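Thanks for making the time. I will go through one model this morning, starting with the whole chain and then moving to a few individual residues and one sheet.

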Amino acid sequence: MATEERATPLRLGSIAPNFQAETTQGHIDFHEFIGDKWVVLFSHPEDYTPVCTTELGAFAKLEPEFTKRGVKLIGLSANTIESHGGWIKDIDEISGSKLTFPIIGDKQRNVAYLYDMLDHQDTTNVDSKGIAFTIRSVFIIDPKKTIRLILSYPASTGRNTAEVLRVVDSLQTGDKHRITTPINWVPGDDVIVHPSVKNEEAKTLFPQFRIVKPYLRFTPLPKEQTSASV
């Protein structure tokens, strides 16, 4: 596919494009797959590669925590479903996990182009024909099919699954409680009162909130009131 034919780059707040695809668990319509859940869609350059193998094992081990939060995981790699099947056996053996979420077979890069998962600047991240592999992209998508997070890692760098889960907790907790989360926040830490909440309303919503600056107001939020408490 020529560069000029690539889809318009996605942004936070974009509706996640729908697509049909074959996965290790059968054919899917992506929007139907999302349903009323949150989804983490993440791509890999290729099957049987070292960094990807460690990543998928880590996601598989952490999947129960995502499931508790109403989040579905779905991977993508630029290989066939048949190739994925053999690779999953290796992943389970190496990591001691049991990978149960689907992996999209995207050998033709159709989904990769749709979600702009290709990095044409990384000349080492290509197949034997010189076609760009997918980079390590992560999309967090909410039940309204809205893209809430986009991350892109170079092929050489494995992702941090705990950070992906932390962002899920931040987004879900923020949606529920009208708060935002500060640097390095983890569930149980103090949060920031959302700018749209005026002080008079904040007194009711957050009786213990404190004003550091007119634009910066903190309030305790116990872990039990976050999505991590499920």
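Of the 230 residues in this chain, 48% count as buried. This is a predicted model, so please take every value I quote as computed from predicted coordinates. The exposed surface comes to about 11,600 Å², and carbon and sulfur atoms supply 53% of that area. Along its principal axes, the C-alpha trace spans about 60 × 45 × 30 Å. The secondary structure comes to 6 helices and 11 strands.

On contacts in the chain: taking those with a separation of 6 or more, 65% are between residues 24 or more positions apart.

Next, the domains. The chain is divided into domain 1, residues 14-159, and domain 2, residues 177-225. Their C-alpha centres lie 34 Å apart. I will take some residues from domain 1, which covers 14-159, and then a sheet further along.

The annotation first. Which residue does UniProt list for "active site"? It is C52, and the listing comes from an unreviewed entry. C52 sits in helix α2, which covers residues 50-68. Is C52 buried or exposed in the model? The relative accessible area of C52 is 0%, and the cut-off for buried is under 20%, so C52 counts as buried. What surrounds C52, once neighbours within four places in sequence are set aside? The contacts of C52 are then H44, P45, E46, W87 and R136. Of these, H44 is a residue of strand β3, which runs over 38-44, and R136 belongs to β6, residues 136-141.

One position before β6 in the numbering is I135, in the loop between α4, residues 110-114, and β6. I135 has a relative accessibility of 10% and counts as buried. I135 and M117 are 18 residues apart in sequence, while their C-alpha atoms are 5.8 Å apart in space.

At the other end of β6 is D142, in the loop between β6 and β7, the latter covering 147-153. Why does D142 count as buried? Because the relative accessible area of D142 is 6%, and buried means under 20%. The side chain of D142 makes a polar contact of 3.2 Å with the side chain of R148. Leaving aside neighbours within four places in sequence, D142 is in contact with I34, K37, W38 and R148. So that contact list includes R148, the polar partner.

K37 takes us to another loop, the one between α1, residues 30-34, and β3. The relative accessible area of K37 is 35%, which makes K37 partly exposed. With neighbours within four places again left out, K37 is in contact with G70, K72, I141, D142 and P143. How far apart are the C-alpha atoms of K37 and K72? They are separated by 6.8 Å, with the two positions 35 residues apart along the chain.

Now the sheet. It is an open sheet of 4 strands in the order β8-β9-β11-β10, with antiparallel pairing. β8, residues 179-180, and β10 stand at the edges, and each has a single partner strand, so one side of each is left without a neighbour in the sheet.

Going through the pairs in sheet order: β8 is joined to β9, residues 191-193, by 2 bridges, and the two run antiparallel. In that pair, T180 stands opposite I192. β9 then pairs with β11 in the antiparallel sense, again over 2 bridges. There, I192 stands opposite F218. I192 therefore has T180 across from it in one pairing and F218 in the other.

The last pair is β10, residues 210-213, with β11, residues 216-219, antiparallel and joined by 3 bridges. What connects these two strands along the chain? A hairpin, running through 2 residues. Within the pair, K213 stands opposite L216, and the bridge partner of R210 is F218. F218 in β11 thus turns up in two pairings, opposite I192 and as the partner of R210.

As a general point for anyone looking at the sheet on screen, side chains in a regular strand alternate between the two faces of the sheet.

That is all I have on this one. I can put any of these residues back on the screen.

Notes:
Residues numbered from 1 in each chain as written. Predicted model: local features only at pLDDT ≥ 70, side-chain atom pairs only at ≥ 80, totals over all residues. Heavy atoms only, no water. Domains from an automatic or database assignment. Buried < 20%, exposed > 50% of the residue type's maximum accessible area, 1.4 Å probe, protein only. Polar contact = N/O pair within 3.5 Å; in protein donor to acceptor, adjacent residues only side chain to side chain. Contact = heavy atoms within 4.5 Å. UniProt positions renumbered as here; feature names shortened; annotations may be inferred. Areas by Shrake-Rupley, 256 points an atom, 1.4 Å probe, with all protein chains shown as cover.
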